[in-house]
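The following exercises are to be worked through with the sequence and the structure at hand. Each task is followed by a solution in steps.

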Amino acid sequence: MKRLIAFVLCVMLLVSSIPYAYAAEKSTYRNVWVMENGITVTEEIIIENDSRAVQKPVTCRRTYRDEDQDLMAIIAMYVVFQYDGSTVRVVSKSMTQTDTYNGWSYEHNSYVTVGGKVTTKFYLSKSLYSQLFSFSVTCDKDGNIT
């Protein structure tokens with residue numbers, strides 16, 4: 001009876017550890033720059049790494065701060081690319097975060113998809129001031145993200 005219980009526990013432990021062995025890892029890249037108008041942009045690109053897949057999910061999140069470093073907005077776009085070594089295409093795209101702060105508002109303008117590149121354009125506005133912003137995420141035929 002003790003052997004049976006030990007065997008069942010070993011099998012349960014083994015089975016419960018299998019999903020972790022195949023779980024996708026994440027890579028995160030971060031860039032910060034200041035635009036001509038004094039707005040600081042912090043960009044994070046989060047890539048789901050799964051060497052077994054031909055699809056690559058990517059989240060590109062940007063944080064915008066005004067010249068006084070007050071938070072304006074956090075905007076994130078989620079894109080799934082499909083690639084096979086010779087071609088790449090966009091499977092899906094969506095804005096996953098459009099949070100605004102300190103009186104700023106967000107208005108989505110458009111997506112432009114060409115091959116393995118998605119560009120989103122949007123406005124951030126406050127009082128009488130409005131500015132058009134855009135950012136892109138690109139996947140090449142080998143699954144490399146830029």
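Two strands are said to pair if DSSP finds at least two bridges between them. The model used throughout is predicted.

**Exercise 1. Determine how β7 and β8 are joined, and describe the turn between them.**

Solution. Step one is to count the bridges: β7 and β8 are linked by 10 bridges. Because two bridges suffice for pairing, β7 and β8 count as paired strands. Step two is the direction, which is antiparallel. Step three is the connection: β7 and β8 make a hairpin, with two residues between the strands. Within the turn, Ser-127 has a positive phi of about 55 degrees. As for an opposing pair, Lys-126 faces Tyr-129 of β8.

**Exercise 2. State the order of helices and strands along the sequence.**

Solution. First, take the inventory, which is one helix and eight strands. Next, read along the sequence; the pattern is α-β-β-β-β-β-β-β-β.

**Exercise 3. Identify the residues of the largest nonpolar core that touch the most other members, and the strands that supply this core.**

Solution. The core contains 26 residues. Those that touch the most other members are Tyr-64, Phe-81, Leu-124 and Ile-145. At least two residues each come from β2, β3 (55-65), β4 (71-83), β5 (88-100), β7 (117-126) and β8 (129-138). The most is given by β4, with seven residues.

**Exercise 4. Is Thr-42 buried or exposed, and which residues does it contact beyond its neighbours within four places in sequence?**

Solution. Begin with the location: Thr-42 lies in strand β2, which covers residues 40-49. The relative accessibility of Thr-42 is 16%. Because the cut-off for a buried residue is under 20%, Thr-42 is classed as buried. Finally, with those sequence neighbours set aside, Thr-42 contacts Arg-30, Asn-31, Val-32, Arg-61, Arg-62 and Thr-63.

**Exercise 5. Classify Cys-60 and Cys-139 by accessibility, and give the number of disulfides.**

Solution. Cys-60 has a relative accessible area of 0% and is therefore buried. Cys-139, at 3% relative accessibility, is buried as well. For the disulfides, the criterion is a pair of cysteine sulfur atoms within 2.5 Å. By this rule, the count is zero.

**Exercise 6. What share of the residues is buried, and how much surface does the protein expose?**

Solution. Of the 146 residues, 32% are buried. The exposed surface is about 9,300 Å². Carbon and sulfur atoms supply 54% of that area.

Conventions. Residues numbered from 1 in each chain as written. Predicted model: local features only at pLDDT ≥ 70, side-chain atom pairs only at ≥ 80, totals over all residues. Heavy atoms only, no water. Helix = DSSP H or I, 4+ residues; strand = E, 2+ residues; numbered from the N terminus. Buried < 20%, exposed > 50% of the residue type's maximum accessible area, 1.4 Å probe, protein only. Contact = heavy atoms within 4.5 Å. Core = buried A, V, L, I, M, F, W, Y, C linked by side-chain atoms within 4.5 Å. Areas by Shrake-Rupley, 256 points an atom, 1.4 Å probe, with all protein chains shown as cover.
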